[in-house]
Amino acid sequence: REALALRLDTETATLRASIAAEEKRKTELSSAAVAYKSKITEHQSRLRTEQLQIARRKETHLEELVQQVVKYLEHGYRVQKVPSKGAHTKSRFFSLSDDHRRLLFCEVDEASRQPLRMDRPSAVVWLRDLRRIVLGQCSAGFDHFAKLKKGSGDAVED
């Protein structure tokens, strides 16, 4: 019996020691998990703030570009319209309306190169009807306008 009691005591002691080691390992693992979670959270918040800053920069750049285009359109611009039938080109002047809701097209006098009937434009396009704007190569007029405005800080370079 004494041998059995001794053997039982040694097994109990080893089990208690292994339980204590497992609890110690459990606390170490839980503290490591908490540290890992905090690192992941910190990394995600850093990524979110970086993405937010990039989005803000892009939005600011786009707003500045839109403002530059609006100022450009407020001054008006002459364009040559080449019809699909015939070789006679027409000169047109387009500008933005005072309320910034419409794009106005007027015929241009060939002799004086001045717009005709600005009060009654030949064509009107509502800006809300525009679905897509394709930005392509800028014309010389737009580049010149941007250079003029560069001194005032309103021009944006892309």
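Is R7 exposed or buried, and what is its relative accessible area? R7 is exposed, with a relative accessible area of 55%, and this value lies above the 50% cut-off that separates exposed from partly exposed residues. The structure in which R7 sits is a predicted model, and the description below moves from its overall make-up to the long first helix, its salt bridges, the nonpolar core and the confidence of the prediction.

**Overall make-up**

The secondary structure of the protein chain consists of 2 helices and 4 strands, and from the N terminus on these elements follow the order α-β-β-β-β-α. Of the 158 residues in the protein chain, 14% are buried. The accessible surface amounts to about 13400 Å², with 55% of this area belonging to carbon and sulfur atoms. Among the contacts in the protein chain that have a separation of 6 or more, 34% join residues 24 or more positions apart.

**Helix α1**

Helix α1 covers residues 2-75, and its length can be checked against its residue count. With 1.5 Å a residue, the 74 residues of α1 should span 110 Å, and because the C-alpha atoms at its ends are 108 Å apart, the model agrees with that expectation. The residue that follows α1 is G76, which has a positive phi, near 85°. Within the helix, L65, Q68, V70, Y72 and L73 are buried.

**Salt bridges**

A search of the whole structure finds 3 salt bridges, and the table gives their partners with the distance between the N and O atoms.

| Glutamate | Arginine | N to O distance |
|---|---|---|
| E11 | R7 | 3.7 Å |
| E22 | R25 | 3.9 Å |
| E42 | R46 | 3.7 Å |

Both E11 and R7 belong to helix α1, where they are 4 residues apart, about one turn of the helix. E22 and R25 are also in helix α1, and because they are 3 residues apart, about one helical turn separates them. For E42 and R46, the spacing in helix α1 is 4 residues, so that these two are likewise separated by about one helical turn.

The accessibility of the partners can be set beside these pairings. R7 is exposed at 55% relative accessible area, whereas its partner E11 is partly exposed at 39%. E22 is partly exposed, with a relative accessible area of 47%. In the remaining pair, E42 is partly exposed at 48%, and R46 is partly exposed at 40%.

**The nonpolar core**

In soluble globular proteins, nonpolar side chains tend to be buried together. In this model, the largest nonpolar core has 7 residues in all, namely V70, Y72, L73, F94, L96, L103 and F105. Two or more residues of this core come from each of α1, β2 (90-96) and β3, and the largest share, 3 residues, is contributed by α1.

Y72, one of the core residues, is found in helix α1 and counts as buried because its relative accessibility is 9%, under the 20% cut-off. The C-alpha atom of Y72 is separated by 8.6 Å from that of S95, although the two residues are 23 residues apart along the chain.

L103, another member of the core, touches L73, F94, S95, L96, A123, V124, V125 and L127, when residues up to four places away in sequence are not counted. Among these contacts of L103 are the residues L73, F94 and L96, which are themselves part of the core.

V108 lies in the loop between β3 (102-107) and β4 (123-126), and with a relative accessibility of 6% V108 counts as buried. The C-alpha atoms of V108 and F94 are separated by 9.8 Å, and these two residues are 14 residues apart along the chain.

**Confidence of the model**

The protein chain has an average pLDDT of 77, and 66% of the residues score at least 70. Among the elements, α1 has the highest mean pLDDT (91), while helix α2 (residues 140-150) has the lowest (57). Over residues 152-158 the pLDDT stays under 50, and the model has 14 contacts beyond four places in sequence for this stretch. The salt bridges tabulated above have both partners in α1, the element with the highest mean pLDDT.

Key
Residues are numbered from 1 along each chain as its sequence is written. This is a predicted model: local features need pLDDT of at least 70, side-chain atom pairs count only at pLDDT 80 or more; totals for chains, interfaces and linings use all residues. Side-chain values use heavy atoms; hydrogens and water are left out. Buried means under 20% relative accessible area, exposed over 50%, partly exposed in between (1.4 Å probe, protein chains only). A nonpolar core is a set of buried Ala, Val, Leu, Ile, Met, Phe, Trp, Tyr and Cys residues joined through side-chain atoms within 4.5 Å. Contact means heavy atoms within 4.5 Å. The expected span of a helix is 1.5 Å times one less than its number of residues. Accessible areas come from the Shrake-Rupley method with a 1.4 Å probe; for residues, only the protein chains shown count as cover. A salt bridge is a side-chain nitrogen of Lys or Arg within 4 Å of a carboxyl oxygen of Asp or Glu. pLDDT is the predictor's confidence in each residue, from 0 to 100.
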